[in-house]
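Hi,

Here is the structure I said I would pass on. Have a look at it first, and then read on for what turned up in it.

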Amino acid sequence: MRRLAVLGFPIEFSRSPAIHNTAFAALGMEGEWSYEAIEVPPDRFAERVRAMQGEGFVGANVTVPHKGAALLVSDRRSGVAREIGAANTLIFEDDEIRAENTDARGLMEALPESPAGRRALVLGAGGAARAVVWALTREGAEVSVWNRTGDRAAQLCAELGGEAVSDPAAGDYELIVNSTSVGLRGEDPFDELPLSRDWFGFSQTVVDLVYGHGDSKLLGVAGEAGATVVDGLEVLVRQGAASFRIWTGVDPPLDVMRDAARA
Ligand code: NAP
């Protein structure tokens with residue numbers, strides 16, 4: 001059995017085991033491949049990862065709060081993971097730990113069209129925002145970054161590109177990505193973020209990376225105004241699909257994974 005896992009703290013609500021195990025079953029691979037959730041506190045992370053290859057694991061996903069530590073524990077890092085400064089995918093091979101980041105690819109594959117040449121507003125300057133800004137600037141979008149703590153937005157832009165803004169102007173953006181954690185505990189994005197309910201319209205795409213607290217209020221308002229909306233589960237499925245391809249070399253069944261994520 002080739003074992004995979006997602007490592008996080010906490011991890012009980014992760015959709016990743018359902019997404020991957022359902023895909024293995026759909027492809028008739030469930031006898032050979034399995035995917036589980038492992039809760040590991042930050043002070044045990046490196047030790048836990050180093051033990052995995054000896055236990056039959058061939059790879060892992062890594063989520064909050066371990067994405068930075070995953071990069072540090074690895075022996076080899078992809079250019080994407082190094083530049084973003086975080087890894088969400090580990091590959092265990094030949095006594096080596098390789099680090100990759102599929103969050104950026106997951107976002108790009110979830111977008112309905114290329115962001116090249118589009119004005120984009122990224123909200124947030126944490127780990128998720130780093131992957132978003134990396135992907136959008138590399139694809140040729142004109143990226144503005146707003147963050148509650150302005151200095152972090154300035155720092156992120158200095159490292160990865162984009163322009164830090166303190167007061168995003170209404171109607172200026174064709175693509176808006178919420179990569180803050182606002183909404184995770186039911187917060188109202190229109191109270192916490194510099195967004196107005198009358199900003200949205202047909203020519204926009206709005207992405208909310210946050211999932212797990214019912215329907216996104218942000219996407220509800222944007223969708224009603226005619227914007228194209230992409231939710232956090234779609235991005236999660238796409239990054240999972242990219243990791244699946246890396247580990248197995250097989251094209252994953254996206255519809256099956258989507259249904260499992262939303263079940
Ligand atoms: P993080 O590193 O902890 O960053 C949190 C960000 O949210 C910071 O920019 C923080 O601003 C901001 N923030 C928190 N509370 C806020 C508030 N009340 N008002 C305004 N801004 C606030 O977290 P992360 O790893 O980037 O993750 C962010 C979210 O994305 C999480 O909900 C995570 O689950 C989600 N995510 C989804 C996917 C996916 O595949 N769908 C992938 C990755 C992450 P300050 O700097 O001012 O504190």
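Before the details, one term: helices and strands here are DSSP runs, numbered from the N terminus, with at least four residues for a helix and at least two for a strand. With that in hand, the largest share of the shell around the ligand comes from H10, which gives three residues. Do keep in mind that this is a predicted model.

Let's start with the ligand. There are 23 residues around it, and Ala128, Asn147, Thr149, Arg152 and Gly232 come nearest. Sorted by class, the shell has ten nonpolar residues, nine polar ones and four charged ones.

Three spots are worth clicking on if you want to see N and O atoms of the protein facing the ligand:

- Serine 181 has a backbone N or O atom that lies 3.1 Å from an oxygen atom of the ligand.
- Glutamate 192 uses its side chain, where a polar atom lies 3.0 Å from a nitrogen atom of the ligand.
- Leucine 209 has a backbone N or O atom 3.1 Å from a nitrogen atom of the ligand.

On its own, the ligand has 920 Å² of accessible area, and the protein covers 80% of that. Which elements give two or more residues to the shell? They are helix H6 (127–138) and helix H10 (232–248).

While you are in H10, two of its residues deserve a look. Glutamate 234 is found in this helix. Is glutamate 234 buried or exposed? Its relative accessible area is 12%, and anything under 20% counts as buried, so glutamate 234 is buried. Its side chain makes a polar contact of 2.8 Å with the side chain of arginine 258. Setting aside residues up to four places away in sequence, glutamate 234 touches Ala110, Arg258 and Arg262, so Arg258 turns up in both the contact list and the polar contact.

Glutamine 239 is in helix H10 as well. At a relative accessible area of 8%, glutamine 239 is also buried. Beyond its neighbours within four places in sequence, glutamine 239 is in contact with Asn61, Asn88, Thr102, Asp103 and Gly106.

Now the sheets. One is an open sheet of six strands in the order S9-S8-S7-S10-S11-S12, with parallel pairing. Strand S9 (163–164) and strand S12 (228–231) stand at its edges, and each has a single partner strand, so one side of each is left without a neighbour in the sheet. Further in, strand S10 (residues 175–178) and strand S11 (residues 205–208) pair in the parallel sense over four bridges. If you want a place to check that pairing by eye, valine 177 stands opposite valine 207 in S11.

Another open sheet also has six strands, in the order S2-S1-S3-S5-S6-S4, and here the pairing is mixed. Its edge strands are strand S2 (33–39) and strand S4 (76–77), each of which pairs on one side only. S1 and S3 pair in the parallel sense over five bridges. Arginine 3 has phenylalanine 57, in S3, as its bridge partner.

Last, some backbone oddities. As background, most residues other than glycine have a negative phi, and most peptide bonds are trans. Where do the cis bonds listed here sit? The peptide bond from phenylalanine 9 to proline 10 is cis, with omega near 5 degrees, and proline 10 is in the loop between strand S1 (2–8) and helix H1 (16–26). The bond from valine 64 to proline 65 is cis too, with omega near 5 degrees. Proline 65 is in the loop between strand S3 (57–62) and helix H3 (67–73).

Then there is a pair of aspartates. Aspartate 94 has a positive phi of about 50 degrees although it is not a glycine, and its place is the loop between strand S5 (89–93) and strand S6 (96–100). Aspartate 95, in the loop between S5 and S6, has a positive phi as well, near 60 degrees. Are these two buried or exposed? Exposed means over 50% relative accessible area; aspartate 94 has 70% and aspartate 95 has 73%, so both are exposed.

Happy browsing!

Note on methods
Residues are numbered from 1 along each chain as its sequence is written. Side-chain values use heavy atoms; hydrogens and water are left out. A residue is near a molecule or strand if one of its heavy atoms lies within 4 Å of it. A polar contact is a pair of N or O atoms within 3.5 Å; within protein, one must be able to donate a hydrogen and the other to accept it, and residues adjacent in sequence count only if both atoms are side-chain atoms. Accessible areas come from the Shrake-Rupley method with a 1.4 Å probe; for residues, only the protein chains shown count as cover. Ala, Val, Leu, Ile, Met, Phe, Trp, Tyr, Cys and Pro count as nonpolar, Asp, Glu, Lys and Arg as charged, and the others, Gly among them, as polar. Buried means under 20% relative accessible area, exposed over 50%, partly exposed in between (1.4 Å probe, protein chains only). Contact means heavy atoms within 4.5 Å. Two strands pair if DSSP finds at least two bridges between them.
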